[in-house]
Amino acid sequence: MRSMYKFGLSVLLALGSAAAWAGYAFNFQEPVTPIARETLHMHNLVMVVILILFFLVFGLLIYSFRVHRKAAGYKAASYTGPKNRKQWLWVLSPFALLFFIDYVVFGIPALHAVVMYEDTKTDAELVVKVTGSQWLWQYEFPAEGVSFTSRMITPRDQIDSGAAKGEHYLLEVDNPLVLPVGKKVRFITTSNDVIHSWWVPAFGVKRDAVPGFLREFWATVEKTGTYRGQCSELCGKEHGFMPVVVNVVSQEEFAQWLASKKAPAAPAAAPTAAFAPAAPAVLAKAR
């Protein structure tokens, strides 16, 4: 018994240490898009309602255990179903309450969120095609004629040899995606090989990239900064090394970045030499 007590105490101390809870967070990342805010709102609404229901039902259970116990002289009822209005009211009221919560309190906001999430084409100001490959991302701005790849650059010795980890371990790339702040961006995803999933938690969006299919989502990022995510679909042995990094900048900075990414113009072809009569020596040799 004493050994079990010591074991339980050690577990509690381990879980209670600051180091064990250092990376734990109770909430989402700060939402920076309308979809992310709507998702957080739905999450908080559901949590509040289910906590209220939990404590309400738990309180009723405690009350019933205390009042309707045999030791207090309570006699168990013999009926097996509702027979009068009062009993029917007790049966139907919880059903009606749950029906209202499911289809009104949760259903209307959820429907609004889904409809908003799928509205990719209305007022879209920029199109970005995202293609997943094992194990990197390919980005393309079709209208602007810009395309590039983005792959992880975390040093291999940090992964394999236990070297000191960087600030953004496994979440750093050579060519981050750059987007303008406040613009509605329409994303089109696909894949070259297996199913990948493009996910940035602060954007509140996650969409699978499926070979042979074009799947869409959108985001309007309302705050400049650098946002990081990962592939969230098991896509092979390097799945954990496929980060997403997005730099959100002002419109002017985005225009400069876009210009720097455009391929330089092809060099002009050398002008064709104008026809000139052959030199007299050449003509004499020809004769």
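## A tour starting at His 196

Select His 196 and Asp 193: their side chains make a polar contact of 2.8 Å. The model on screen is a predicted one. His 196 belongs to strand S6. Is His 196 buried or exposed? With a relative accessibility of 0%, His 196 counts as buried. Now show what surrounds His 196. Leaving aside neighbours within four places in sequence, its contacts include Gly 132, Ser 133, Gln 134, Trp 137 and Ser 191. Further along the chain, Arg 207, Asp 208, Ala 209, Cys 231, Glu 233, Cys 235 and Met 242 are also in contact with His 196.

**The whole chain**

Zoom out and colour by secondary structure. The protein chain has seven helices and 10 strands. Of its 287 residues, 29% are buried. Take the contacts between residues at least 6 apart in sequence: 66% of them join residues at least 24 apart.

**The nonpolar core**

Next, select Val 128, Phe 141, Leu 177, Phe 187, Trp 198 and Phe 203. These residues have the most contacts inside the largest nonpolar core, which has 37 residues. Which strand gives the most to this core? Strand S10, residues 243-249, does so with four residues.

Stay with one of these core residues, Phe 141. Leaving aside neighbours within four places in sequence, Phe 141 is in contact with Leu 126, Val 127, Val 128, Val 146 and Phe 148, among others. The list of its contacts also includes Leu 177, Val 178, Phe 254, Trp 257 and Leu 258.

**Aromatic rings**

Keep Phe 141 selected and add Tyr 139, Phe 148, Phe 254 and Trp 257; together the five form one aromatic cluster. In the model as a whole, the count of aromatic pairs is 13. One of them is Phe 148 with Trp 257, an edge-to-face pair with 5.6 Å between centres and 80 degrees between the planes. Phe 148 is in strand S3 (residues 146-150) and Trp 257 is in helix H6 (residues 251-261), so this pair ties together parts of the chain 109 residues apart in sequence. Phe 148 is buried, at 9% relative accessible area. Trp 257 also counts as buried, at 16% relative accessibility.

Move on to Phe 203 and Tyr 227. Their aromatic pair is tilted, with the centres 5.4 Å apart and 55 degrees between the planes. Where do the two residues lie? Phe 203 is in the loop between strand S6 (196-200) and strand S7 (205-209), while Tyr 227 is in strand S9 (residues 225-231). The two are 24 residues apart, and the pair links distant parts of the chain. Phe 203 counts as buried at 0% relative accessibility. Tyr 227 is buried too, at 11%.

**Charges over rings**

Two lysines come next. Select Lys 165 with Tyr 169: the charged end of the lysine sits over the tyrosine ring, 5.2 Å from its centre. Then select Lys 206 with Trp 199, where the lysine lies over the face of the tryptophan at 5.2 Å from the ring centre.

**Salt bridges**

Side chains of opposite charge can pair when their charged atoms come close. How many salt bridges does the model have? The count is nine.

Select Lys 223 and Glu 30, which form a salt bridge with the closest N and O atoms 3.3 Å apart. Lys 223 is in the loop between strand S8 (215-220) and S9, and Glu 30 is in the loop between helix H2 (18-21) and helix H3 (34-67). The pair links distant parts of the chain, 193 residues apart. Lys 223 is partly exposed, with a relative accessible area of 41%.

Now select Arg 37 and Glu 222, whose side chains meet in a salt bridge at 2.5 Å, N to O. Arg 37 lies in helix H3 and Glu 222 in the loop between S8 and S9, so the pair ties together parts 185 residues apart in sequence. Arg 37 counts as partly exposed at 40% relative accessibility, and Glu 222 is partly exposed at 42%.

For the last stop, select Lys 237 and Glu 238. Their salt bridge has its closest N and O atoms 2.9 Å apart. Is each partner buried or exposed? Lys 237 counts as exposed at 67% relative accessibility, whereas Glu 238 counts as buried at 15%. Add Arg 156 and Asp 160 to the selection: salt bridges that share partners join these two with Lys 237 and Glu 238 into one network.

Note on methods. Residues numbered from 1 in each chain as written. Predicted model: local features only at pLDDT ≥ 70, side-chain atom pairs only at ≥ 80, totals over all residues. Heavy atoms only, no water. Phe/Tyr/Trp six-rings, centres within 6.5 Å; stacked < 30°, edge-to-face > 60°. Buried < 20%, exposed > 50% of the residue type's maximum accessible area, 1.4 Å probe, protein only. Lys NZ or Arg CZ within 6 Å of the ring centre and 35° of its normal. Core = buried A, V, L, I, M, F, W, Y, C linked by side-chain atoms within 4.5 Å. Contact = heavy atoms within 4.5 Å. Polar contact = N/O pair within 3.5 Å; in protein donor to acceptor, adjacent residues only side chain to side chain. Salt bridge = Lys/Arg side-chain N within 4 Å of Asp/Glu carboxyl O.
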